[in-house]
Each structure stands twice: as C-alpha cells, then as structure tokens.
Amino acid sequence: MTKEDIILLADASGISFYGVGKDRFLYHVETFADLVKLAEREACAKLCEAQGEYGWQQYANAIRARENT
C-alpha cells in the first residue's frame with residue numbers, strides 16, 4: 001500500500017474537514033500515511049529476519065533501505 005493509496009482511502013471515507021482547513025487536514029493525512037508506510041516496511045523486515053535462514057537478512061536490509069524513498 002502506498003502513501004497515495006492511504007490518502008485516497010481517507011478521502012473516500014468521507015472524513016470531515018469541519019474546523020480544519022483542507023491543506024492542514026491533508027498535511028495530517030500525509031503524515032499518517034508516512035507513519036503507516038514506515039511501520040509496514042519494518043514489519044516486513046522483521047518477518048524476513050525471523051526466517052533465520054541464510055540470505056533473508058539481505059531482504060530485511062533492502063526493505064529498510066527503502067525508508068528513504
């Protein structure tokens with residue numbers, strides 16, 4: 001799931017803009033999306049590490065390296 005997917009889902013859910021300007025609301029949604037993305041990547045990396053077999057650590061490292069993209 002990408003940041004854009006999460007933002008689209010939040011928008012489609014009908015979250016109210018009441019009392020918050022649209023730009024500020026979108027900032028908070030984008031921040032939430034970034035947090036979800038990082039948590040998802042870390043969970044995937046931990047699953048790779050839990051395999052304990054040779055070669056899986058390289059996948060965990062590759063997943064974590066994507067945090068900057």
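The following paragraphs describe the fold, the nonpolar core, the cysteines and the salt bridges of a predicted model.

Residues are numbered from 1 along each chain as its sequence is written, and side-chain values rest on heavy atoms, with hydrogens and water left out. Because the model is predicted, local features need a pLDDT of at least 70 and side-chain atom pairs count only at pLDDT 80 or more, whereas totals for chains, interfaces and linings use all residues. The pLDDT is the predictor's confidence in each residue, on a scale from 0 to 100; the chain averages 77, and 77% of the residues score at least 70. Among the elements of the chain, helix α1 has the lowest mean pLDDT, at 72, and helix α3 the highest, at 88.

The chain contains three helices and zero strands, and its pattern along the sequence is α-α-α. These elements are DSSP runs numbered from the N terminus, a helix being H or I over at least four residues and a strand being E over at least two. Of the 69 residues in the chain, 17% are buried, where buried means under 20% relative accessible area, exposed means over 50%, and partly exposed covers the range in between (1.4 Å probe, protein chains only). The accessible surface of the chain comes to about 5400 Å², and carbon and sulfur atoms hold 59% of this area; the areas come from the Shrake-Rupley method with a 1.4 Å probe, and for residues only the protein chains shown count as cover. Among contacts in the chain with a separation of 6 or more, 39% are between residues 24 or more positions apart, a contact being heavy atoms within 4.5 Å.

The largest nonpolar core consists of six residues, namely I6, I7, A10, F25, V29 and A33. Helices α1 (3-12) and α2 each supply at least two residues of this core. A nonpolar core is defined as a set of buried Ala, Val, Leu, Ile, Met, Phe, Trp, Tyr and Cys residues joined through side-chain atoms within 4.5 Å. In soluble globular proteins, nonpolar side chains tend to be buried together. Within this core, A33 lies in helix α2, which spans residues 22-50, and A33 counts as buried because its relative accessibility is 0%. When residues up to four places away in sequence are not counted, A33 touches K3, I6 and I7, while V29 touches I7 and A10. The C-alpha atom of A33 is also separated by 8.0 Å from that of T2, a residue 31 positions away along the chain.

A disulfide, taken here as a pair of cysteine sulfur atoms within 2.5 Å, was then sought, and by this rule the count comes to zero. The closest cysteine sulfur to that of C44 belongs to C48 and is 7.1 Å away, which is too far for a bond. The two residues were also assigned to burial classes: C44 counts as partly exposed at 38% relative accessibility, whereas C48 is buried, with a relative accessible area of 9%.

The structure holds three salt bridges, each requiring a side-chain nitrogen of Lys or Arg within 4 Å of a carboxyl oxygen of Asp or Glu. One of them joins the side chains of D34 and K37, with an N to O distance of 3.9 Å. Because D34 and K37 are three residues apart in helix α2, they are separated by about one helical turn. Of this pair, D34 is partly exposed, with a relative accessible area of 29%, and K37 is buried, with a relative accessible area of 19%.

Another salt bridge links R64 with E42, the closest N and O atoms being 2.8 Å apart. R64 lies in helix α3 (residues 56-65) and E42 in helix α2, so this pair ties together parts that are 22 residues apart in sequence. R64 also forms a salt bridge with E49, in which the closest N and O atoms are 2.7 Å apart. Since E49 likewise lies in helix α2 and R64 in helix α3, the pair ties together parts that are 15 residues apart in sequence. Salt bridges that share partners thereby join E42, E49 and R64 into one network. As for accessibility, R64 is partly exposed, with a relative accessible area of 24%, E42 is partly exposed at 23%, and E49 is partly exposed at 34%.
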